[in-house]
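What follows is a walk through one chain, from the terms used to the way the parts pack. Please keep the sequence and the model in view while reading.

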Amino acid sequence: MRGTGAVGNNYEDKCRRSLAEEQANSLARTNNWEHVDRERVHQDWDVLYREITAYLDNGSLPGDQQIQELVRRHFDIACRFYTPSREAYVGMSLFYAEDAAMRAFHNSYHPELVDFLGAAIKVFAEQSSWFARSAGAVASA
């Protein structure tokens with residue numbers, strides 16, 4: 001994902017920091033997420049990514065209701081590790097895009113999955129009432 005100018009880059013930097021800080025705190029509190037059934041998480045993400053890919057192939061857009069319902073499921077799976085803030089969740093989408101291994105893994109489902117999922121996560125983060133109101137709005141892609 002590309003930055004959106006100075007404001008977008010500042011917001012994205014905040015999201016990256018939030019993800020790193022929240023994950024580090026959670027890892028420390030939970031003995032490296034020993035409570036997580038990682039095999040089940042990966043199975044659930046596999047099913048979910050296949051579903052998203054089918055919608056992507058049929059021309060769905062990141063903000064479409066059915067895509068947002070799938071992103072909610074993605075968020076719920078992520079919450080098995082810890083509950084990320086709005087910024088950390090956007091940071092997760094940036095991590096998927098910027099980390100070569102994560103990009104390759106996600107794009108093995110579909111060559112556009114990382115970018116599509118990132119855009120859908122930003123819509124979810126911006127529109128979801130799940131997150132407490134944050135100081136800044138989600139930067140548009």
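A residue counts as buried when its relative accessible area is under 20%, and as exposed when that area is over 50%. The model discussed here is a predicted one. Asp-44 is a case where the cut-off matters: at 16% relative accessibility, it counts as buried because that value is under 20%. Asp-44 lies in helix α2. Apart from its neighbours within four places in sequence, Asp-44 is in contact with Ile-77 and Arg-80.

Taken as a whole, the chain has six helices and zero strands, so that its elements, read along the sequence, give the pattern α-α-α-α-α-α. The chain has 141 residues, of which 43% count as buried. Among contacts in the chain with a separation of 6 or more, 72% join residues 24 or more positions apart.

Helix α2 is a convenient place to begin. It covers residues 38-57, and its 20 residues should span 28 Å at 1.5 Å a residue; the C-alpha atoms at its ends are 28 Å apart, which agrees. Besides Asp-44, the buried residues of α2 are Val-41, Trp-45, Leu-48, Tyr-49, Ile-52, Thr-53 and Leu-56. The partners against which the buried residues of α2 pack are α3 (65-78), α4 (86-98), α5 (100-107) and α6 (113-127). After α2 comes Gly-59, which has a positive phi, near 90 degrees.

Of the partners of α2, helix α6 deserves a closer look. Its 15 residues reach 21 Å from the first C-alpha to the last, close to the 21 Å expected at 1.5 Å a residue. How many of the 15 residues of α6 are buried? Twelve are, so α6 is largely enclosed by the rest of the structure. The buried residues of α6 are Leu-113, Val-114, Phe-116, Leu-117, Gly-118, Ala-119, Ala-120, Ile-121, Lys-122, Val-123, Phe-124 and Ala-125. Lys-122 belongs to this set with a relative accessible area of 5%. The C-alpha atoms of Lys-122 and Tyr-89 are 8.4 Å apart in space, although the two residues are 33 apart in sequence.

The packing of α6 can be followed through two helix pairs. In the first pair described here, α3 and α6 pack at an angle of about 90 degrees, and their axes are 10 Å apart. The two helices are therefore roughly perpendicular to each other. From α3, the contact is made by Ile-67, Gln-68, Val-71, Arg-72, His-74 and Phe-75; from α6, it is made by Phe-116, Leu-117, Ala-120, Ile-121, Val-123 and Phe-124. Sorted by class, this contact of α3 with α6 has nine nonpolar, two polar and one charged residues.

In the other pair, the axes of α5 and α6 cross at roughly 95 degrees and come within 8 Å. α5 and α6 are therefore roughly perpendicular to each other as well. Here Met-102, Arg-103, His-106 and Asn-107 in α5 meet Leu-113, Val-114, Asp-115 and Leu-117 in α6. The contact of α5 with α6 divides into four nonpolar, two polar and two charged residues.

Helix α3 also meets α4. Their axes come within 12 Å and cross at roughly 95 degrees, which makes α3 roughly perpendicular to α4. Val-71, His-74, Phe-75 and Ala-78 of α3 make the contact with Tyr-89, Met-92 and Tyr-96 of α4. The class division for α3 with α4 is six nonpolar, one polar and no charged residues.

The last step is the core. In soluble globular proteins, nonpolar side chains tend to be buried together. In this chain, the largest nonpolar core has 36 residues, and those touching the most other members are Trp-45, Tyr-49, Ile-52, Val-71, Tyr-89 and Leu-117. At least two residues of this core come from each of α1 (5-29), α2, α3, α4 and α6. The helix giving the most to this core is α6, with eight residues. Leu-117 shows how the helices come together: leaving aside neighbours within four places in sequence, Leu-117 is in contact with Tyr-49, Ile-52, Val-71, His-74, Tyr-96 and His-106.

Definitions and conventions:
Residues are numbered from 1 along each chain as its sequence is written. This is a predicted model: local features need pLDDT of at least 70, side-chain atom pairs count only at pLDDT 80 or more; totals for chains, interfaces and linings use all residues. Side-chain values use heavy atoms; hydrogens and water are left out. Helices (H or I, at least four residues) and strands (E, at least two) are DSSP runs, numbered from the N terminus. The expected span of a helix is 1.5 Å times one less than its number of residues. Buried means under 20% relative accessible area, exposed over 50%, partly exposed in between (1.4 Å probe, protein chains only). Contact means heavy atoms within 4.5 Å. Axes are lines fitted to C-alpha atoms, for helices over the stretch in contact, and angles run from 0 to 180 degrees between N-to-C directions. Angles under 35 degrees count as roughly parallel, over 145 as roughly antiparallel, 65 to 115 as roughly perpendicular and the rest as oblique. Ala, Val, Leu, Ile, Met, Phe, Trp, Tyr, Cys and Pro count as nonpolar, Asp, Glu, Lys and Arg as charged, and the others, Gly among them, as polar. A nonpolar core is a set of buried Ala, Val, Leu, Ile, Met, Phe, Trp, Tyr and Cys residues joined through side-chain atoms within 4.5 Å.
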